[in-house]
Amino acid sequence: MIEKHIVLEDVDPVIFYGVNNVHIQMIKALYPKLRIVGRGNVLHVMGDEEEMCAFEETVQKLERHCVQYNSLTEEAILNIVKGKKTQEEGVGNDVILFSISGRPILPRSKNQRALVQAFEKNDMVFAIGPAGSGKTYTAIALAVKALKNKEIKKIILSRPAVEAGEKLGFLPGDMKEKIDPYLQPLYDALQDMIPSAKLKEYMETNVIQIAPLAFMRGRTLNDAVVILDEAQNTTSQQIKMFLTRMGMNTKMIVTGDMTQIDLPNSQRSGLIEAMRILKNVKGISFVMLDKTDIVRHKLVTAIVEAYEKSEETSKRSKKEE
């Protein structure tokens, strides 16, 4: 008889154990020759050596399943123990990863698929499109997938701290509390893809870093996926500074919406200039999304179309004058 301690390193124990410990109780029933006690992220196991080896292999498979699919069911446990494919494994190849609710996250339009393919083939990708076209969400999903697959060591998310037409004034609190309002859209996407306990751990250990663009100066970013969101609100100097932070084994995704530039009229968008200067550089891909890619409420598409028509009418009026 031997005793072992198995540490659940990558998985959220809440998902692994199940509600009211239903999963661990089922696992115990499937391995009656072992005495299994779960405390936190450690399984204390005692029993027959041969049975112990089979159990360790099963735990590794269950852990990989939890990490990949963000869920665990009794059916999945049975299939894994019996060496069968789980229901989740039968999902199509388009899936980027699974949300915390087990919902598959996948490209939902032709241009979103183009973004996924561009990320696979290039080290730097520019994703340009209107509000709701899924550019930021898809970019973060690709970054989280790379982290889960251990292709990188960290995710770095940044955006310029520019108010959308409002002056927020002097915000209270420490540095994190001051910049959080600008970065909330990035938090929202992460919270949909990574269990809260694991996300908190990643944030505390700097595996996932969220910072304003100004904090990027002087850094060399290695072994990471780096995302610059709302890049239309960068100046020429800012975006050049950001793009030149790129280190070894790093991929960058730059997202922006040309119709939502919040810079003062005297400043030119750095994104427009970067697209012009870098359009023929090998290894950099540009993916243009449009209103057909919008995946928010159907009214968002109608709103975008209405504003486009208004801008066209305004331009024609100015030409006639």
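How are helix 3 and helix 4 oriented to each other, parallel or oblique? They are oblique to each other, as the second legend sets out. The model shown in every view is predicted.

**Figure 1. The whole chain, with 11 helices and 11 strands.**
The predicted chain has 321 residues, and 46% of them count as buried. Its C-alpha atoms fill a box of roughly 90 × 40 × 40 Å, taken along the principal axes. Among contacts with a separation of 6 or more, 69% come from residues 24 or more positions apart. The structure holds six salt bridges. Three of them appear in close-up below, in the views of R103, R159 and their partners.

**Figure 2. Packing of helix 3 against helix 4.**
Helix 3 covers residues 49-69, and helix 4 covers residues 74-81. The two pack at an angle of about 135°, and their axes lie 10 Å apart. Angles over 145 degrees would count as roughly antiparallel, and 65 to 115 as roughly perpendicular. The pair is therefore oblique. Helix 3 passes helix 4 in a right-handed crossing. From helix 3, the contact uses T58, K61, L62 and H65. From helix 4, it uses A76, I77, I80 and V81. Sorted by class, this contact of helix 3 with helix 4 has five nonpolar residues, two polar and one charged.

**Figure 3. Packing of helix 5 against helix 6.**
Helix 5 spans residues 110-121, and helix 6 spans residues 135-148. Their packing angle is about 35°, with the axes 10 Å apart. The crossing of helix 5 and helix 6 is right-handed. On the helix 5 side, the contact residues are Q112, L115, V116 and F119. They meet K135, T138 and L142 in helix 6. By class, the contact of helix 5 with helix 6 divides into four nonpolar, two polar and one charged.

**Figure 4. The salt bridge between R103 and D192.**
The closest N and O atoms of R103 and D192 are 2.9 Å apart. This pair links distant parts of the chain, 89 residues apart. R103 sits in the loop between strand 4 (97-98) and strand 5 (104-105). D192 belongs to helix 7, residues 175-193. R103 counts as partly exposed because its relative accessibility is 37%. D192 has a relative accessible area of 24%, so D192 is partly exposed too.

**Figure 5. The salt bridge between R159 and D229.**
Here the closest N and O atoms are 2.9 Å apart. The partners are 70 residues apart and link distant parts of the chain. R159 lies in strand 7, residues 154-159. D229 lies in the loop between strand 9 (224-228) and helix 9 (236-243). Buried means under 20% relative accessible area. R159, with a relative accessible area of 11%, is therefore buried. D229 is buried because its relative accessible area is 2%.

**Figure 6. E230 and the network around R159.**
E230 forms a salt bridge with R159 as well, the closest N and O atoms being 3.1 Å apart. E230 is in the loop between strand 9 and helix 9, whereas R159 is in strand 7. The two are 71 residues apart, and the pair links distant parts of the chain. At 24% relative accessibility, E230 counts as partly exposed. Salt bridges that share partners join R159, D229 and E230 into one network.

Notes
Residues numbered from 1 in each chain as written. Predicted model: local features only at pLDDT ≥ 70, side-chain atom pairs only at ≥ 80, totals over all residues. Heavy atoms only, no water. Salt bridge = Lys/Arg side-chain N within 4 Å of Asp/Glu carboxyl O. Helix = DSSP H or I, 4+ residues; strand = E, 2+ residues; numbered from the N terminus. Buried < 20%, exposed > 50% of the residue type's maximum accessible area, 1.4 Å probe, protein only. Axes fitted to C-alpha atoms, helices over the stretch in contact; angles between N-to-C directions. Parallel < 35°, antiparallel > 145°, perpendicular 65-115°, else oblique. Left-handed = near helix turned anticlockwise from the far one by under 90°. Contact = heavy atoms within 4.5 Å. Nonpolar A, V, L, I, M, F, W, Y, C, P; charged D, E, K, R; others polar.
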